[in-house]
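Thanks for coming. I will put one structure on the screen and talk through a few parts of it.

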Amino acid sequence: MIESNDISLPQLQNWMQGILVKGRPSADERMTIESVVNQSQRLSALRHLNIYRSSYIARLRACMQNQFVALAYALGAGLFESFADQYLDSYPSESYTLNTLGEKFPAFLEKTRPDASLEQKESWPDFIIELAGFEYRLSEIFDQEAAGDQMVLTPNTPDNLLKLTPVLHLFHHQFPICQYYLDFIQNKEPDLPFPGKTYCAVTRRDYKLGLFVIRGAQYHFLKSMQEGKSVKKSMKYLAKNFEFKIEDLEKIWPEWKSTFIASGFLSV
Amino acid sequence: MIKKRDQYREIINALPNPGLGLGLRSKHFNYILEHNPAVDWFEVISENFMDSGGRPRHILRQVAERYPLVMHGVSLSIGSTDPLNKEYLGKLKSLAAEVKPLWISDHLCWTGVNSLNTHDLLPVLLNEESLKHICSRIRIAQDFMERPLVFENPSTYLTFKQSTIPEWEFLKYMAEETGCGLLLDVNNVFVSAFNNDFDPVNYINQLPHDRIVQMHIAGHQHCGDYIIDTHDRNVVREVWKLFSQAWQLTGGVATLLEWDSNIPEFDVYHAELLKAKQYMNRMTGYDLDADVQNYLDAAVSNPVDFLVNDFKW
């Protein structure tokens, strides 16, 4: 056993952090709790230390729950907590902000999926991983740096002036992730969905997020605009690569334009 | 040549007393902007805004135009043996340049080592080695920020066998050596005193009162044989009494009510703050048995919501 006078400051901090984060000291195991921590009138040294240990776990669990509300609902409290605990054990926070705590969670879920070693994959882990990734991206978009967040456009704004707003983000999923998320936040208590290719757009207007389920053609059109192509060129791109007729696209464009403006996808 | 420490001390001495303030919480953003409530000032959690390019920063800019602000951080980790995080300090400085706070505070604590962050305010070792280490880091941080910083006594749930200096004395030396200011959290004194068997009245009597620029008051959760600093309920009478004692000793300083979990409607929060006025001019005896506490069965609240983004749809 090490005498308390022989413990350096770095040793002591490593020891305490090891107990909080891993449940065991990461430094010299000869340092017993009783040799480092005072007991008090009411509590033993171990109980004093356990207040910090319990608080560490509870705080970070609560934070994960806050960052992945829909995922926690989809998995159920017990399973979510188990995944979150494993994640926090593998990837303790390295940031000064809790906002990025869940950054590696989607990749962690992918890496540790229960059917990883099986040839025949189940579909529910794919849903869980997609949902986790989507939720984390929402938190990033919420805080994304962007000038203004305001625009004044009308259906009469000339097409050649239109471009996508910098806070528009396009997603494609193997499951109806966006609809599931929307149903969840509207307290519709959605069931786990069946697989199905879906597309969505997320934007931010007046600093509030907007989520929109869109069609595949709209996704590819907007994607083309996001790459810097004009409205005209994006229509041509869609016609060439997805077997649309340019006349049909021109016919539907006023409706799309009006919807995109109303949804805050476009700016000038 | 005037030492920087003395310059910092003079700046601290000249800080104003803006009155009674509240923590700026996302739940109240809309209310504050719509009603302009008669609050003297707001304290903001620095980490909630320093990386934000979205709504929180947008709101903060508007609040800063209407009210005096103080920036209060939880991640400086002044007691850690890791190097100071210059990226963090840089962002703190940028935010301060934008919102022009009256002062910037953090805690006498460490949050992690080896690049990890436990996101807790962990207790520092209170001995000479640690004092030297912390003072040297305060000097670096203050020089980087080009202003004195203010440090708060944390709630603690343990003490180390190696500690040789009482916390109040540690804070006094720290302020003397670096010119920093102090934020006295009277609720933290009460919580730490109960958990670690010391006399809170003596603690407050012994502090260097001329270095105290701000006080915190808050509610806590009594769990029977220990107390957790939950910031989720009304201030108990014993803490008000300590506030009254500290008010007399400091001559009155900026005072803020913290409420970070189970946050009530704005008017309830504000009304609890205004109770402070009743305790400003009282000389009260100290009676530890005064309040009846309900404890044991309640789950411990873990304030975290105020540290993470709250989406608005």
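Start with the hairpin in chain A. Its two arms are E3(A) and E4(A), with two residues between them. In that turn sits A:Asp206, with a positive phi of about 50°. Bear in mind that this is a predicted model, so every value I quote is computed from it.

The arms run antiparallel: strand E3 of chain A covers residues 198–205, strand E4 of chain A covers residues 208–214, and seven bridges join them. To pick one position, A:Cys200 in chain A stands opposite A:Val213 of E4(A). As a reminder, strands of a sheet pair through backbone hydrogen bonds, and the sense can be parallel or antiparallel.

Now chain B, where the pairing is parallel. Eight strands close into a barrel there, and the order is E1-E2-E3-E4-E5-E6-E7-E10. From one strand to the next, the twist averages 30°.

Where does E1(B) meet E10(B)? Strand E1 of chain B is residues 20–23 and strand E10 of chain B is residues 254–258, and three bridges hold the two in the parallel sense. Within that pairing, B:Gly21 has B:Leu256 in E10(B) as its bridge partner.

Two helices of chain B lie across this part of the barrel strands. Helix H10 of chain B, residues 237–250, lies across E6 (181–185), E7 (212–218) and E10 of chain B, and it runs at about 170° to E7(B). Helix H11 of chain B, residues 266–274, lies across E1, E2 (41–45) and E10 of chain B; its angle to E1(B) is about 140°. E10 of chain B is thus listed under H10(B) and also under H11(B).

Next, the interface. How many residues does each chain bring to the contact? Chain B gives 61 residues and chain A gives 56 residues. Between them the two chains bury about 5,500 Å², with 57% of it on carbon and sulfur atoms.

On the polar side, the count between chain B and chain A is 24 residue pairs in polar contact, both residues at pLDDT 80 or more. There are three salt bridges across the interface. One of them links B:Asp120 to A:Arg59, where the closest N and O atoms are 3.7 Å apart.

Which helices of chain B supply the side that touches chain A? H4 (55–66), H5 (86–99), H6 (128–145) and H8 (186–196) of chain B each supply at least two residues. H4(B) has the largest share, four residues. By class, that side of chain B has 22 nonpolar, 25 polar and 14 charged residues.

Key. Residues numbered from 1 in each chain as written. Chains lettered and ligands numbered in written order. Predicted model: local features only at pLDDT ≥ 70, side-chain atom pairs only at ≥ 80, totals over all residues. Heavy atoms only, no water. Pairing = 2+ DSSP bridges. Axes fitted to C-alpha atoms, helices over the stretch in contact; angles between N-to-C directions. Contact = heavy atoms within 4.5 Å. Buried area = accessible area lost by both parts, 1.4 Å probe. Salt bridge = Lys/Arg side-chain N within 4 Å of Asp/Glu carboxyl O. Polar contact = N/O pair within 3.5 Å; in protein donor to acceptor, adjacent residues only side chain to side chain. Nonpolar A, V, L, I, M, F, W, Y, C, P; charged D, E, K, R; others polar.
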